[in-house]
Amino acid sequence: MSRFGQVLRFAASLYGQKAVIGYHGLVRRDPMAQIQMRQGRENPYPIYDRMRARGPIAPTRMGNWVTTSHRVCNLVLRDRRFGVMEGRQGGIDLSFLEMNPPDHTRLRRLAQPAFSPRAMSGYQGKIEETVGHLLDRAAQSGRFDLVPAFAAPLPIAVITDLLGIADADAEAFAEYGRVLGSAIDGVKSLGHARRLIANDAKLRAMFERLFALRRNDPRDDIVSRIVAAEGDQIQPYEMVPMCTLLLIAGFETTVNLIGNAVVALMDHPEAWKDLCADPSLAGQVVEETLRYDPPVQRTFRMALEPLEVEGTPVRKGQFFVALLGAANRDPEVYERPSTFDIHRENPVDHLAFSSGIHYCIGQPLAQLEATIALRMLAERVPGLRRAGNVKRRNATTIRGPIHVPLAC
Ligand code: HEM
């Protein structure tokens, strides 16, 4: 079938799926469908609570399992009898995020040094500098929109630097990343599918150019490490997907962490006041945001063999959906789970970065970026306040605002 034919067929099934979700959400009151509809995108937490009332593990209408429990999410994510579904999901090859051992182990090991403590201390200055520039520009007129002016450009600048993209290419690269990231929750229309296909080719060409450059002139960056391992620890066809994974993860997650944190702080003026009085609380604000309103709301695993989870029999090939956003508000684990409290004492680890072998490799970087961003916001613009309505992105897996109008 031609590529265009594939796109058409895909679009037909997409619009069919939307109708099915609407039917199950509105008519059958199925919570798994409701979290994918407008009310769930605005605020999934009341829906999670209704699901929790049915017990820690519940069947889905598709014949799989879903859990809202912190304990069960953790159990499933750490259990090696579960794995990820291998191969492309949503049309993009996401490298080792979608691989099981031993391939997962081999490729993850190659990327790991880019997120070591040594690497982090090297990024700190660059992040502070970028945050400073962005804040100077954003705050100049007294009003700005948090996401396009601050929360999005910061992680883009950091990941561009980390991958070693030349400044001259950075703008085009940022655009490719945005188009790619828009596919995380699935392709939304025929036009969207066409844009993705065209984008894919441009991005591939840019990475290929970068590989050639680093083969001849290696630097201390992740792409140089990848090309040095070519044919040995990584096969040529695995190189673009690995860079694509880092690009998407760098673009689409930290922006939402900063966005969700500022929205929570504006909703809780006493927390913002405390942060401004003591900007060293920024790390705690980041932790509590990750628990209270995590950017990645769910993930899933497939049973690689027949097994039982707390007495529930799971067949080989069945899926288990781990609702990370629900687990982080599990009343069995957290006191006052729906309260945003930046002063929580010894909180149990949240699951915002997942658990087990796919635990987010970028966690130290995301935390560093968000902590510096919040600390410097509190130091430089303590008069920050809402100046309009928050608009949330049209997505289910990823949660975050796209517009947060602010005055300072
Ligand atoms: C607040 C920001 C972030 C959040 C909430 C987040 C969340 C997650 C989660 C939940 C997973 C695991 C998914 C699963 O278990 O199925 C994951 C994996 C991953 N993340 Fe992040 N992430 C963030 C930032 C980043 C950054 C900045 C990078 C890199 C630049 C990154 C790179 C990755 C990679 C490469 C994986 C795959 C790990 C593996 O499969 O072994 N993440 N992330």
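# Briefing: the ligand site, the empty spaces and two sheets

The iron atom of the ligand takes one single donor from the protein, the SG of Cys360, at 2.3 Å. Please keep in mind as you look around that this is a predicted model. Below, we start at the ligand, move on to a pocket and a cavity, and end with two sheets.

**Around the iron**

- Cys360, the iron's single protein donor, sits in the loop between helix H17 (324–327) and helix H18 (363–380).
- Cys360 is also among the closest of the 26 residues that surround the ligand, a group that has His104, Thr299, Ser354 and His358 as its other members.

**Polar partners of the ligand**

- His104, one of those closest residues, has a side-chain N or O atom 2.6 Å from an oxygen atom of the ligand.
- Arg108 also reaches the ligand through its side chain, with an N or O atom 2.6 Å from a ligand oxygen.
- For His358, a polar side-chain atom lies 2.6 Å from an oxygen atom of the ligand.

**Make-up of the ligand shell**

- Which elements each supply at least two residues of the shell around the ligand? They are helix H6 (103–111), helix H13 (236–252), helix H14 (254–267) and strand E5 (298–303).
- H13 gives the largest share of this shell, with 4 residues.
- Sorted by class, the shell holds 16 nonpolar residues, 8 polar ones and 2 charged ones.

**The second largest pocket**

- This pocket has a volume of about 910 Å³.
- Its lining counts 35 residues, and Ala152, Ile156, Ala174, Arg178 and Phe251 are the closest to the pocket's centre.
- Two or more lining residues come from each of helix H7 (117–139), helix H8 (146–151), helix H9 (153–163), helix H10 (167–181) and H13.
- H13 is therefore a helix to look at twice, as it supplies residues both to the ligand shell and to the lining of this pocket.
- The lining divides into 17 nonpolar, 7 polar and 11 charged residues.

**The enclosed cavity**

- How many cavities of 30 Å³ or more are there? The count comes to 1.
- The largest cavity has a volume of about 100 Å³.
- Of the 15 residues lining the largest cavity, Gly40, Pro44, Gln297, Ala395 and Thr396 lie nearest its centre.
- By class, that lining has 6 nonpolar, 4 polar and 5 charged residues.

**The sheet of 5 strands**

- This open sheet runs in the order E1-E2-E8-E5-E3, and its pairing is mixed.
- Strand E1 (57–59) and strand E3 (82–83) are the edges; each has a single partner strand, so one side of each has no neighbour in the sheet.
- E1 pairs with strand E2 (residues 65–67) in the antiparallel sense, over 3 bridges.
- Pro59 has Trp65 as its bridge partner in E2.
- E5, a member of this sheet, also supplies at least two residues to the shell around the ligand.

**The sheet of 3 strands**

- A further open sheet has the order E4-E12-E9, with antiparallel pairing.
- Its edge strands are strand E4 (143–145) and strand E9 (385–386), each of which pairs on one side only.
- E4 and strand E12 (residues 405–407) run antiparallel and are joined by 3 bridges.
- Within E12, Leu406 is the bridge partner of Phe144.

Notes. Residues are numbered from 1 along each chain as its sequence is written. This is a predicted model: local features need pLDDT of at least 70, side-chain atom pairs count only at pLDDT 80 or more; totals for chains, interfaces and linings use all residues. Side-chain values use heavy atoms; hydrogens and water are left out. A residue is near a molecule or strand if one of its heavy atoms lies within 4 Å of it. A polar contact is a pair of N or O atoms within 3.5 Å; within protein, one must be able to donate a hydrogen and the other to accept it, and residues adjacent in sequence count only if both atoms are side-chain atoms. Ala, Val, Leu, Ile, Met, Phe, Trp, Tyr, Cys and Pro count as nonpolar, Asp, Glu, Lys and Arg as charged, and the others, Gly among them, as polar. Donors are N, O and S atoms within 2.8 Å of the metal (3.2 Å for Na, K and Ca); water is not among the atoms, so sites may look incomplete. On a 1 Å grid over the protein atoms alone, a cavity is a set of points where a 1.4 Å probe fits but cannot get out, and a pocket is an open set with protein on both sides within 12 Å along at least five of seven lines; lining residues have an atom within 4 Å of a point. Grid points are joined across faces, edges and corners, and a volume is the space filled by probe spheres set on the points. Two strands pair if DSSP finds at least two bridges between them.
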